[in-house]
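Visitor: I'm new to this one. Could you walk me through how to read it?

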Amino acid sequence: MTAPMQVDYQDILRVWQEADGIAEIEHAWLFDHLMPIGGDPDGPIYEGWTLLSALAAQTQRLRLGLLVSSNRFRPPAMLAKMATTVDIVSGGRLNFGIGAGSRPSHPLARREYEGHGLPFHDFAHSVESLAEACTVIRRLWTEPRPFDFDGTYVQVKGAYGNPKPVQSPHPPIVIGGRSSATLRVAAEHADVWNIPGGDLDDLVNRSALLDRYCAEIGRDPASITRSVFLPVSYDEPTVTRKAIGEAVDAGFTHVVLGLSNPYPVGVAHWVADELINA
């Protein structure tokens, strides 16, 4: 993962194109923020979906996505159209990441909403609207005729997706988050569930809670891939390798490695040599 803030576009492109030629690296990710959440608060940051489309057009193999797109930023029908476009541009390589949006406790959570004239609803609203958004997005990707949806938070009339995504029945849905409410949404809608790493016991407990929610609705918990985000230490690769091993042993088989910038020359090869093949 290359967070698209405090960095030049050409640096991100360099890393992604390098990673595209390394078989051990299966996927690449951006995040979805409109103002920096680290470093200079007035520094540069790129919009995630437009940047993802540009990178999709300049890579051939990597699966790609946003970890994760904020459901608060864009109406779900618009987001479905954007994701379809990226899936087509990439030749069917999109992993569709979505989440409730920045948590209210984050000190910078409200700034990017206020700065772009976007409403910042409470957490209950954001999670419940996420569930409705996932339903509408999936229907736009799969249904052969226009439809209406009259939800509590999402309403569309005559909604129709054409063209459809390349991937059938639709791109994998990656839901990110750790709250119990978000896990309930993941149990119903996710193909992949992602959580930030750090506290291994918490990862295991949250995964077990997801298992329980799946059982409650009659879904096989094994049908949801467990994904974890882990920051990379360039100076202490053994620390990162240890974290990867522990996460994989705990059942988190989809590992997203967060690279900090500036990106060293040959960083993707370094990841393969020092963290994956070591």
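Guide: Let's take the sheet, a helix, a hairpin and a pocket in turn.

Guide: This is a predicted model, where local features need pLDDT of at least 70 and side-chain atom pairs count only at pLDDT 80 or more, while totals for chains, interfaces and linings use all residues. Residues are numbered from 1 along each chain as its sequence is written, and side-chain values use heavy atoms, leaving out hydrogens and water.

Visitor: How do I read a sheet, and what is the strand order here?

Guide: Strands of a sheet pair through backbone hydrogen bonds, either parallel or antiparallel. Strands (E, at least two residues) and helices (H or I, at least four) are DSSP runs numbered from the N terminus, and two strands pair if DSSP finds at least two bridges between them. Here six strands form an open sheet in the order β3-β4-β7-β8-β9-β10, with parallel pairing. β3 (69–70) and β10 are the edge strands, each pairing on one side only. β10 is joined to β9 (residues 225–231) by five bridges; Ser227, for instance, has His254 in β10 as its bridge partner.

Visitor: Where is there an antiparallel pair?

Guide: Look at β5 (residues 147–150) and β6 (residues 155–159), which run antiparallel and share three bridges. A hairpin of four residues links β5 to β6, and Phe147 has Ala159 in β6 as its bridge partner.

Visitor: Now helices. Which residues of α7 are buried?

Guide: Buried means under 20% relative accessible area, exposed over 50%, and partly exposed in between (1.4 Å probe, protein chains only). In α7, the buried ones are Leu203, Arg206, Ser207, Leu209, Leu210, Tyr213 and Cys214. They cover an arc of only 160° around the axis, so they sit on the same side of α7; the arc is that of the directions from the helix axis to the C-beta atoms. The face turned away from that side carries the exposed Asp201, Asn205 and Ala215.

Visitor: And Trp141 in helix α5 (residues 123–142): buried or exposed?

Guide: Trp141 counts as buried, because its relative accessibility is 2%.

Visitor: Last one: which residues are closest to the centre of the second largest pocket?

Guide: On a 1 Å grid over the protein atoms alone, a pocket is an open set of points where a 1.4 Å probe fits, with protein on both sides within 12 Å along at least five of seven lines; lining residues have an atom within 4 Å of a point. This pocket has 24 lining residues, and Ile25, Glu26, His27, Val255 and Leu257 are the closest to its centre. α1 (9–20), β1 (27–30), β10 (254–258) and α9 (267–276) each supply at least two lining residues.
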